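This report describes the fold, the interior and selected local features of one protein model. The sequence and structure are shown first, and the description follows.

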Amino acid sequence: MNKEIRVMLCDDSAIMRRLIKTALDLEPSLKVVCEAKHGREAVDQLEETRPDIVVMDIEMPVMDGVEAVREIRKLNRSLPVIMFSSLTNRGAEASLDAIAAGATDFATKPTGAGHIQQALESLRRDLIPKLLQWTAGKRDDSGLAAPGADLAPTASYESLEAEDAKPNVAAVAIGVSTGGPQALSKLLSGLPEDFAAPILIVQHMPPVFTGLLAQRLSAQTGHDVREAVDGDRLTPGTVLIAPGDHHMLASREHDGVRVRLNQDPPENSCRPSVNPLFCSLAKCFGEHSLGIVLTGMGQDGTRGAKALKSCGGRVFVQDKETSIVWGMPGQVAQSGFADRVLPLDQIASHVVRVVGSGVRESMTVSSS
């Protein structure tokens with residue numbers, strides 16, 4: 001088996017292409033087979049160079065990265081395309097547009113890195129792991145599970161009647177990573193406008209991206225989705241997204257349950273991380289809590305799901321067939337912490353069922 005990963009770089013900056021190539025040269029399995037200066041050139045060279053993965057800039061002359069993704073998808077629906085954008089409003093907007101157009105994932109450029117070694121370290125930390133993960137299936141000794149690896153769930157699921165006999169859910173927390181914007185839009189669109197519980201979301205994204213994602217979800221779903229602010233009070237129907245680079249927790253205080261943000265160390269290399277949110281939900285709401293793990297790489301959410309199960313809460317995970325990557329939900333299912341493994345289009349109806357009319361006194365419910 002040929003273990004060489006063929007990489008196409010598409011960026012109008014010769015300096016950036018050289019920097020990326022220098023970083024990729026440090027990883028023996030990655031080989032740059034094409035350097036394109038704009039999207040048109042990348043599309044035209046796709047068949048000849050046969051890359052295994054594409055690193056795509058956003059703003060370029062002739063054809064920008066979003067349009068290039070649309071053209072690539074006409075030719076190849078499965079080729080991984082990683083958008084490589086700046087950590088700015090424009091970069092975040094364009095990255096979300098590109099994901100909607102069919103891009104696989106995104107990474108942020110090492111802007112602000114004042115030294116070439118810092119820039120290379122940023123690339124090694126943020127870009128190279130994504131290239132290796134999205135091409136893991138090509139390497140037979142990688143030790144990495146390929147995206148969508150065939151992990152069979154081990155939980156045995158109770159009947160809907162038994163599920164209905166449990167207490168109503170008072171608060172919902174969602175953890176998601178790769179493929180999150182589409183999955184969140186689908187899930188929230190299936191919930192009624194008068195949804196009877198607060199929803200807290202951890203989406204693995206950097207600052208700026210999370211605020212823009214909240215705005216888009218508000219426009220797409222009809223729910224008032226906001227980026228959380230420290231001290232926000234949880235009320236039924238509230239939908240809050242953790243801001244990038246901050247963990248988000250539910251905190252029981254003298255006047256109810258509020259959101260608290262912190263910058264404690266990352267978990268599973270993530271900040272925000274799903275685990276602290278799920279653990280705080282378990283502490284505040286006990287058996288009245290529900291955690292949902294949607295599509296995403298890695299294992300963030302597994303420790304939190306265990307905490308939810310330990311206090312009598314529920315855990316739903318997205319199934320393999322409808323996940324972009326069955327990493328996070330697959331790990332929870334494989335660990336035996338999932339009450340339900342569901343197709344994306346069935347999750348909303350199950351959430352509505354377990355929330356019911358809510359627990360209006362939920363904000364004073366104690367797990368103790």
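Among contacts between residues at least 6 apart in sequence, 74% join residues at least 24 apart. The model is a predicted one. The protein contains 14 helices and 14 strands, and 55% of its 368 residues are buried.

**Nonpolar cores**

The largest nonpolar core comprises 61 residues, of which Met56, Val172, Ile292, Leu294 and Val351 touch the most other members. Both domain 1 (5-136) and domain 2 (163-355) contribute at least three residues each to this core. Another core, of 31 residues, lies apart from it and includes Leu200, Leu281, Ala305 and Met328.

The surroundings of Leu294 can be described in detail. Leaving out residues up to four places away in sequence, Leu294 touches Ile174, Gly175, Val176, Ala183, Leu184, Leu187, Gln318, Met328, Pro329, Leu344 and Ile347. Three of these partners, Ala183, Leu184 and Leu187, are among the buried residues of helix α9. That helix spans residues 180-189 and is mostly covered, with 7 of its 10 residues buried. The buried positions are Gly180, Pro181, Ala183, Leu184, Ser185, Leu187 and Leu188.

**A buried arginine**

Arg314 belongs to strand β13 (residues 314-318). Its relative accessibility is 1%, so Arg314 counts as buried. When neighbours within four places in sequence are set aside, the contacts of Arg314 are Glu163, Lys166, Pro167, Val169, Glu287, Ser289, Leu290, Gly291, Leu308, Asp339 and Val354.

**Aromatic rings and charges**

The whole structure yields 1 aromatic pair. Phe106 and Phe209 form this pair in a stacked arrangement, with 4.7 Å from centre to centre and 10° between the planes. Because Phe106 lies in strand β5 (residues 105-108) and Phe209 in helix α10 (residues 209-221), the pair ties together parts that are 103 residues apart in sequence. Phe106 is buried at a relative accessible area of 7%, and Phe209 is likewise buried, at 0%.

Phe106 also has a charged group over its ring: the charged end of Lys130 sits there, 5.0 Å from the ring centre. In another such arrangement, the charged end of Arg252 is placed over the ring of Phe285, 5.8 Å from its centre.

**The loop between β11 and α11**

Several backbone features fall in the loop between β11 (256-262) and α11 (274-285), where Pro272 is found. Arg271 and Pro272 are joined by a cis peptide bond, with omega about 10°. Asn268 is also located in this loop, as is Ser269. Each of these two residues has a positive phi although it is not glycine. The table sets out their values.

| Residue | Phi | Relative accessible area | Class |
|---|---|---|---|
| Asn268 | near 55° | 36% | partly exposed |
| Ser269 | near 65° | 75% | exposed |

**Cysteines**

How many disulfides does the structure hold? The number is 0. In general terms, a disulfide is a covalent bond between the sulfur atoms of two cysteines. Two cysteines may be described by their accessibility. Cys270 counts as buried because its relative accessibility is 14%, under the 20% cut-off. Cys284 is buried as well, with a relative accessible area of 4%.

Technical notes: Residues numbered from 1 in each chain as written. Predicted model: local features only at pLDDT ≥ 70, side-chain atom pairs only at ≥ 80, totals over all residues. Heavy atoms only, no water. Disulfide = S-S within 2.5 Å. Buried < 20%, exposed > 50% of the residue type's maximum accessible area, 1.4 Å probe, protein only. Core = buried A, V, L, I, M, F, W, Y, C linked by side-chain atoms within 4.5 Å. Domains from an automatic or database assignment. Contact = heavy atoms within 4.5 Å. Phe/Tyr/Trp six-rings, centres within 6.5 Å; stacked < 30°, edge-to-face > 60°. Helix = DSSP H or I, 4+ residues; strand = E, 2+ residues; numbered from the N terminus. Lys NZ or Arg CZ within 6 Å of the ring centre and 35° of its normal.
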